[in-house]
Amino acid sequence: MTFCVLGRGSSSLVFFFFTTKKRTTTTITTAASTSLRFLSSTNNGNNNSSSSSGTVNKRITKTLYRQLLRWCKASSSSSSSSSSLTSKGDDDDINNTIPLTTLVPPVHLESPNNLNAFRLEVLAGIPAQSVLDDPIVARVRTMLPPQAEITRTTLTVPIHTVQDVQNVIRSVFRLNMSNTPNDDDDNDDDKNEKGYQKQRLAATFTALKSLNELSDGYLDAIQVQRQSHMDRTGVAFRVGQVVQHQQERWRGVIAKWDIRRGGGGGNPATRTSLTTKDYSDATTNTTNTTIAGNTGNQNVVYDIILDAGDAHGMGSSSGWSQAGASELQLVDDAALVRIHSTLLRDYFTRFSARDQRFLPNELVAYQFPVDVVNPNNNNNNNTISTTDAKLCLELIQAVQEFAGRLERCILDETSCPGDRGMVLLHKILERLQAVTKGDVFSRQERYQNKKDDSFSPLTTVAHHLHALLHLHLEVVDVNHQRKTCKEVKPKIHFSLGDVVRHKRFGFRGVVVTWDPKPAMDVRRWDGVQEIENPMEKPFYHVIPDPNDCIRVFGGERSTRYVCEDNLELCPKADRNISIDMEPVWTRTEDGDYKPPDEIKYRFGEDMEDDGITERCMTRIQDEYNSLYLLGRESTVRDPLASKLSLQKLIDFLQVVDTASDANPVQETIKEMRKAHVRRDLRWRLETGVSELLSGRGENAMEIYKMVVREDPTYAEAWNKLATCQYMYGKHEESMESTRKVLELDPNHLQAIIGLGLIHFENEEYQQAVKQFRRALEIDPWSPIGAKLSMTLDLLDKILIREEILD
């Protein structure tokens, strides 16, 4: 049985698959098999009778089906204390109040292990129109949500509510219940089906246990929490509000609260005899802290998600803190309310600029029903102004149009890169075609939304920009590495895929990557100390033969990092090594290995395609560069660039309602500022970044100085130079370089932040606050808010100290 875990939920809902066709005796081999005895008592011990055992199997299946549906009815009750199981019909209405999206990942089913293969193919529309000719399958399709993914061999269904659980149960039962054209008791497929039936019945009991654990571990506790949070007496703050600790000064978002009182005890949901059985050898004890009664002194405790910058400053690794109401105050400064934390995505959907608070997701809103001021304003049901909607539409259309332009960069060279074995170009073309069609959301994101059109325009724009941005970053990265590798290629003795032998230790292996110089200090390594100037020699990443490693080192080893002087090519007769390489690496007749296209391209290898790949990749990068240059102009002349201009992106940052949606916009603006008419200067800027990331900041600084000497109007080169100077403590020089950036580009966000940081280091706090606020006016989601908060606190302390001295 295959189960696809795509959600963030803690519960693993394992599903069930069964048939109702008459079969010969099937032995249940699971640990739960003893629980079937009472169901088969009418067989009178005649287990050898095909008819009798078939009847028993049919009775078992229907009983399990009923039990699963009864769990749905019990779990869907709006109050755990009122849940009860009856023998009502399958089509009773269900109260779908508990949202399960964050608790239960999508259910993934496969044929023939889980589903009847013929029925699933009909459901998938193979052959065409077949679903219309089969009333059972047609009924199943109406029960599945629009986000369900159906192929000829798999069915994946997202779970949002208990109703979805019930629909999956009914769908599986119907798909497996009836005879199909291939159901012949004498054929081989039927014999295999007996084994599948055994698997489906066994999985059914696992499903019952899993559903029971879901109730015990989550649903019952959620119901208790909801009831306890109906009374807000004595509760000062609401979930989603941004608060600040009055003494420690950290900021955060109220994620939940509890009123700690004496007494307690929960009332779990009623369950059937089957779902309460324990099928494991060990009993798992789950204790749920509950709140009951209205007696005792109230003590409200708030669980708060900390701002990432504040958490770092206070040394918090968890990102959480607890506090009482008397310790907290609301943050009323609009520049400080946009909190940054990856934990927020598990509790909130977006930030409401109107309400100055974060809006809880469905599950949190269910647990804290009175905290939600305007339920219709939660989740993705947000409305934006006509102006903002127009801006979103322009940006989406511009990204899709530009993706189509990039497609031509490939299609003008070759119409079928996949058929010609150009894997790298084929993958890029597929990604561009997806963007052109607006297919920018992942499977997980689609599963988590109840409707296909439930993504907000703001999120849709952000995902389009994300897709375009990451393709650009990858193209720039591989093109820059290829250029660098081709320059040093004459000094590299071994090629990717060569089978080599270590001269000293004797193990053999395959070269998978190389560095023109070692990426770390290797001078004291074994086997390197005798080599002259090892820091100037090429080093190779070699995957060694495991048998050789056992012989040489006494155990298997992972990738070895070896100096070129210590390697030699293996003779052909000695290349019969046993290495578990990735499938994309293919073996040649000579015993070497052929690397995949992307790795070949990165390391300057001959692509054996008459230069098509390199021309396409260069043209794609040039198209990006041209678009970004035009988009930076104050008066944009190109129609496409005018829709994706720098100013449009800055305007969009003002309305974005999540930090994750702001990120691709911020990064696109950074890339736009790197563009230059001269490709060599753009490459040198990238080389400086590589040097800086490798810890060679002095080298990077010299590269940037050369760039600004050649073009004093290249604002981004000045900004990179200012960054290096600041990192190395040259604050006065950094200040001069930063001011040069702002002369050329007054709204350069990183330069404004950099200027504020220099003022902060110089203890010029008023000037630092001015620059930080200016940065947040341009980008409300800039993480510099944490530094602004710290600076304001320092100013308050200085003011208090001065008042005391006076």
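The following exchange asks how the labels given to parts of this predicted model are earned.

Author: This is a predicted model, in which local features need pLDDT of at least 70 and side-chain atom pairs count only at pLDDT 80 or more, while totals for chains, interfaces and linings use all residues. Residues are numbered from 1 along each chain as its sequence is written, and side-chain values use heavy atoms, with hydrogens and water left out.

Reader: What makes a stretch a helix or a strand here, and how many of each are in the chain?

Author: Helices are DSSP runs of H or I with at least four residues, and strands are runs of E with at least two, numbered from the N terminus. The chain has 25 helices and 17 strands.

Reader: Why is Ile259 called buried?

Author: Buried means under 20% relative accessible area, exposed over 50%, and partly exposed in between (1.4 Å probe, protein chains only). Ile259 has 2% relative accessibility, so Ile259 counts as buried. Ile259 sits in strand β5 (residues 251–259). Of the 806 residues of the chain, 50% count as buried.

Reader: Is Asp610 buried or exposed, and how do you know?

Author: The relative accessible area of Asp610 is 72%, so Asp610 is exposed. Asp610 is in the loop between α14 (597–602) and α15.

Reader: What makes the phi of Asp610 worth a remark?

Author: Most residues other than glycine have a negative phi, and most peptide bonds are trans. Phi of Asp610 is near 60 degrees, a positive value. Asn533 also has a positive phi, near 50 degrees. Asn533 lies in the loop between β12 and β13 (539–544).

Reader: Which peptide bond is called cis, and what is its omega?

Author: The bond joining Ser111 and Pro112 is cis, with omega about 5 degrees. Pro112 belongs to the loop between β1 (107–110) and α2 (117–123).

Reader: How do you know which residues Thr613 is in contact with?

Author: Contact means heavy atoms within 4.5 Å. Leaving aside neighbours within four places in sequence, Thr613 is in contact with Leu424, Leu425, Tyr601 and Met607. Thr613 has 1% relative accessibility, so Thr613 counts as buried. Its helix is α15 (residues 612–632).

Reader: What makes a set of residues a nonpolar core, and what is in the largest?

Author: A nonpolar core is a set of buried Ala, Val, Leu, Ile, Met, Phe, Trp, Tyr and Cys residues joined through side-chain atoms within 4.5 Å. The largest has 116 residues. Those with the most contacts inside it are Tyr302, Leu328, Phe358, Leu406 and Phe652. Helix α9 (residues 386–411) gives the most to this core, with 11 residues.

Reader: Which residues does Phe652 contact?

Author: Apart from neighbours within four places in sequence, Phe652 is in contact with Leu391, Cys392, Leu395, Leu458, Val461 and Val665.

Reader: Why is Ile396 called buried, and what does Ile396 touch?

Author: Ile396 is at 15% relative accessibility, so Ile396 counts as buried. Ile396 is in helix α9. Not counting residues up to four places away in sequence, Ile396 touches Thr460, Val461 and His464. Ile396 and Lys643 are 247 residues apart in sequence, yet 9.1 Å apart in space, C-alpha to C-alpha.

Reader: What makes a space a pocket, and how much space lies in the second largest?

Author: On a 1 Å grid over the protein atoms alone, a pocket is an open set of points with protein on both sides within 12 Å along at least five of seven lines; lining residues have an atom within 4 Å of a point. The second largest pocket holds about 1300 Å³, the space filled by probe spheres set on points joined across faces, edges and corners. Among its 36 lining residues, the closest to the centre are Thr484, Pro516, Ser690, Glu691 and Arg696. Helix α12 gives the most to this lining, with 10 residues.

Note on methods:
1 Å grid on protein atoms, 1.4 Å probe; cavity = no way out; pocket = protein on both sides within 12 Å on 5 of 7 lines; lining within 4 Å.
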